[in-house]
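The exercises below are meant to be worked through with the sequence and the structure in view. Each task is followed by a solution that proceeds in steps.

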Amino acid sequence: LVKKILEFDIKKIYVLDNSEYNVFRFKTLYDNLKNFNKIKFIISNIENIKNLSNNLKQHKPDIVFHAAALKHVGFLEENIKQGIYTNIIGTKNILHTSVINKVKYFIHVSTDKAANPINILGMTKLVSEYVCHNFFKKKMKLGIVRFGNVFNSNGSVAEIFKLKMLNAQKISISHPKVERFFMSDLEAANLIISAFKIINGDKSKDNCRLFICDMGKPIKILELAKKMIYLSGRSPSNYLSNKFYGL
């Protein structure tokens, strides 16, 4: 998203992250990007409303892209309170400080798992959407974007498969019929930018809108694993487990 925003005529980008490693990694990989000097990095946490408020008060951004979340289904089932703090309270904190500091546009990144949620991730993200809709009377336009799995993003199934192969371990699949929707990081960034462009030109009185991406057809996880193994020059028979561990 940051790389995509750099293509536009912007004055400054403030990247706020609670992970020192993520900031270090980004700076190391992309310090050769055009207009990289327009980026300022801030180490902070969205659960700390005082620090968050001070940062927004100091920098006065026009647009806030809120992509911070805990997203791993399994971890959240075992860490429900933290899921609530980050995904719901964190979202409320950013919205509150954005309104106070006269942010004009706010884009909240949600998930397709918020539709008829069956797990803590989906439930906390759905409530975070409700929190956004609750701010509709304020003088700030909001957009909520829902999409599925971003291929090869941090902690995605593609990263798991890659790590398994690099460590000469067999890949296990939960069920042969399991399938998921996937999109590239570029598609995800474009969806977020498109949502902003729509609410920027939107003259309707509805100050909060939900955007859902048509992600085409779902992909079977088993086929994805086979293709990744094959494209890495390895044999699926050697790197794919014959046993399914269950849904």
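**Exercise 1.** Does Ala 168 count as buried or exposed, and why?

*Solution.* Begin by noting that this is a predicted model. Next, locate the residue: Ala 168 sits in the loop that runs between α7 (157–166) and β7 (171–173). The cut-off for the term exposed is a relative accessible area over 50%, and Ala 168 counts as exposed because its relative accessibility is 57%. Finally, look at the backbone, where Ala 168 has a positive phi of about 55 degrees although this residue is not a glycine.

**Exercise 2.** Find the loop in which Asn 116 is found, and then decide on its exposure.

*Solution.* Asn 116 belongs to the loop between β4 (105–109) and α6 (120–133). With a relative accessibility of 72%, Asn 116 therefore counts as exposed. The phi of Asn 116, a residue other than glycine, is positive and near 50 degrees.

**Exercise 3.** Describe helix α5 (residues 80–100), from its span to its surroundings.

*Solution.* First take the span: α5 has 21 residues and reaches 29 Å from its first C-alpha to its last, which is close to the 30 Å expected at 1.5 Å a residue. Then follow the axis, which has a kink of about 30 degrees centred on Ile 89. Turn next to the buried residues of α5, among them Gly 83, Asn 87, Ile 94 and Leu 95; what covers the buried residues includes α3 (49–59), β3 (63–66) and β5 (141–146). Last, just after α5, Lys 102 takes a positive phi of about 60 degrees.

Definitions and conventions
Residues numbered from 1 in each chain as written. Predicted model: local features only at pLDDT ≥ 70, side-chain atom pairs only at ≥ 80, totals over all residues. Heavy atoms only, no water. Helix = DSSP H or I, 4+ residues; strand = E, 2+ residues; numbered from the N terminus. Buried < 20%, exposed > 50% of the residue type's maximum accessible area, 1.4 Å probe, protein only. Expected span 1.5 Å × (residues − 1). Bend = angle between axes of the 7 residues up to and from the residue. Contact = heavy atoms within 4.5 Å.
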